[in-house]
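Please open the structure in a viewer and keep the sequence panel at hand. The stops below proceed selection by selection.

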Amino acid sequence: MSAHAEALGHEHGHDHHGPPAANRSSRFDAATLGMFLFIGSEAMLFGAFFTAYFFVRVVNPDASEIWPPAPFEFPVFVAAVNTAILVTSSFTMHWATQAIRRDDRAGLKAGLVLTIALGLAFLVTQAIEYAHVGFNTGDGAFASVFFGLTGLHGAHVAVGLSLLVISAIRAFRGHFSSSHYHGVELPGIYWHFVDVMWIVVYVTVYLV
Amino acid sequence: VENPLRSEASAFRLVLFTLGAFAVVAVAGLVWGGWAAFAAWLAVTAGVVAHYATRPGTSERRPRRSGAEVRVVVVVDETTDGDRIAGHVAASLSGRPARVVVIAPAVTWQGRPWPDDADAERAEAQERLEAALARLASAGIAAEGRVGSADPLETVADAVAEIAAGRVLVVVHPRADASWAEGGLVERLRERLDVPVEQIALG
């Protein structure tokens, strides 16, 4: 039996059943391109909310000189603690991914569990913050923008947590290795993106 | 242009960049007011964009192979045996010094509704990989190996980038119905990579 090389033609010679194969004209693989498009759409969604924020605070001729308008105050310190929690979770997420790249499954599991715990702590802290913030959406445009931006981000944290829980379940079932960790890497990219967005939200809404 | 979200590691670096950049914005805003914060935001955004725009992308960063060494990534399906793979790879190297990376995809059933424990498939792929490496070693070819996922596109792309491979060989049995072969792996590799991708049918 002899070995021979053949250049793969663009047409398959054998009978093909079912719908034709999808055309792939991009140099990106489908999963990566999908993640780019998803994050791009997310950035535009946040952009719309930031546009509303800047309109309320800067463009609006009736805007107060003080932000937020008196007598209301934002819980800057609580949000700073939440920022620290979320930034720390990016470090644990990075640790988890680096661990599985070294085939360290224990490190992967520990990193994912810690990241999930920190994400949950963020959401619980945000819920407590909402309960004690002292104003509601009906108290003015600033309040609507505050709850809109921070709530939108909280929803993204919840989505990220769902992805991480799925990754953690798969990690505990032994699905990942140093050559197979796409299911950890993509949620990790999303988690870091959510973290980046929070840093922007925190500095813009709470600090400046 | 470097994509800041190309991988988890690059996304993590973006978090650190953002943290540093917005610390500057916060300090400017707290000390000099909102417009200073806006100016600082413009400046750091321009700096970060310039940083990523001037860094080479993954394919541009890949070192070109030098000297007479041949660098090859070989993908083997579940139906081919190690002897034939070793024979063909040895013939294609023509006795030149080479660095060879063999990738054996772990073939899993794609139709199941929930991801199951894939350890059995990975163990089978590991056995197939070790057999192929042993045959290559007996043919005088030192090779390293990796187990890939059922769709080994990323594993192959990573290996090509890592060793600056000059070409990729995808070895299949002529009557193989490997899931990744049906999924057009070779076509997708050709679209993704800027090195020749050759399909080898052993009959």
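Is the crossing of helix 1 of chain B and helix 2 of chain B right-handed or left-handed? The crossing of these two helices is right-handed, where right-handed means that the near helix is turned clockwise from the far one by less than a right angle, and left-handed that it is turned anticlockwise.

Before proceeding, note that this is a predicted model, in which local features need pLDDT of at least 70, side-chain atom pairs count only at pLDDT 80 or more, and totals for chains, interfaces and linings use all residues. Residues are numbered from 1 along each chain as its sequence is written, chains are lettered from A and ligands numbered from 1 in the order in which they are written, and side-chain values use heavy atoms, with hydrogens and water left out.

**First stop: the helix pair of chain B**

Select residues 8-32 of chain B, helix 1, and residues 34-54, helix 2. Helices (H or I, at least four residues) and strands (E, at least two) are DSSP runs, numbered from the N terminus. The two helices pack at an angle of about 155°, with their axes 7 Å apart; axes are lines fitted to C-alpha atoms, for helices over the stretch in contact, and angles run from 0 to 180 degrees between N-to-C directions. Helix 1 and helix 2 of chain B are therefore roughly antiparallel (an angle over 145 degrees). Among the residues that meet (contact means heavy atoms within 4.5 Å) are B:Phe17 and B:Trp32 of helix 1 and B:Trp41 and B:Tyr52 of helix 2. By class, this contact has 14 nonpolar, four polar and one charged residues (Ala, Val, Leu, Ile, Met, Phe, Trp, Tyr, Cys and Pro count as nonpolar, Asp, Glu, Lys and Arg as charged, and the others, Gly among them, as polar).

**Second stop: the strands of chain B**

Now display the whole of chain B, which has eight helices and five strands. Buried residues (under 20% relative accessible area, 1.4 Å probe, protein chains only) make up 46% of its 203 residues.

Select strand 2, residues 98-105: six of its eight residues are buried, so this strand is largely enclosed by the rest of the structure. Strand 1 (residues 70-76) runs parallel to strand 2, joined by six bridges; two strands pair if DSSP finds at least two bridges between them. Here B:Val75 stands opposite B:Ile103. Strand 2 also pairs with strand 3 (residues 143-148) in the parallel sense over six bridges, and B:Val100 has B:Ala143 as its bridge partner.

Return to strand 1, which pairs with strand 4 in the parallel sense over five bridges. B:Val72 is the bridge partner of B:Arg167 there. In strand 4 (residues 167-172), six of six residues are buried. B:Arg167, B:Leu169 and B:Val171 lie on one side, and B:Val168, B:Val170 and B:Val172 on the other.

**Third stop: chain A**

Select helix 2 (residues 76-101) and helix 5 (residues 182-207) of chain A, whose axes come within 10 Å and cross at roughly 160°. These helices are therefore roughly antiparallel to each other, and helix 2 passes helix 5 in a left-handed crossing. The contact includes A:Met93 and A:His94 of helix 2 and A:Trp191 and A:Trp198 of helix 5.

Finally, centre on A:Pro69, in the loop between helix 1 (30-59) and helix 2 of chain A. A:Pro69 is partly exposed, with a relative accessible area of 22% (partly exposed lies between 20% and 50%). Not counting residues up to four places away in sequence, A:Pro69 touches A:Ser64 and A:Phe142.

Key. Angles under 35 degrees count as roughly parallel, over 145 as roughly antiparallel, 65 to 115 as roughly perpendicular and the rest as oblique.
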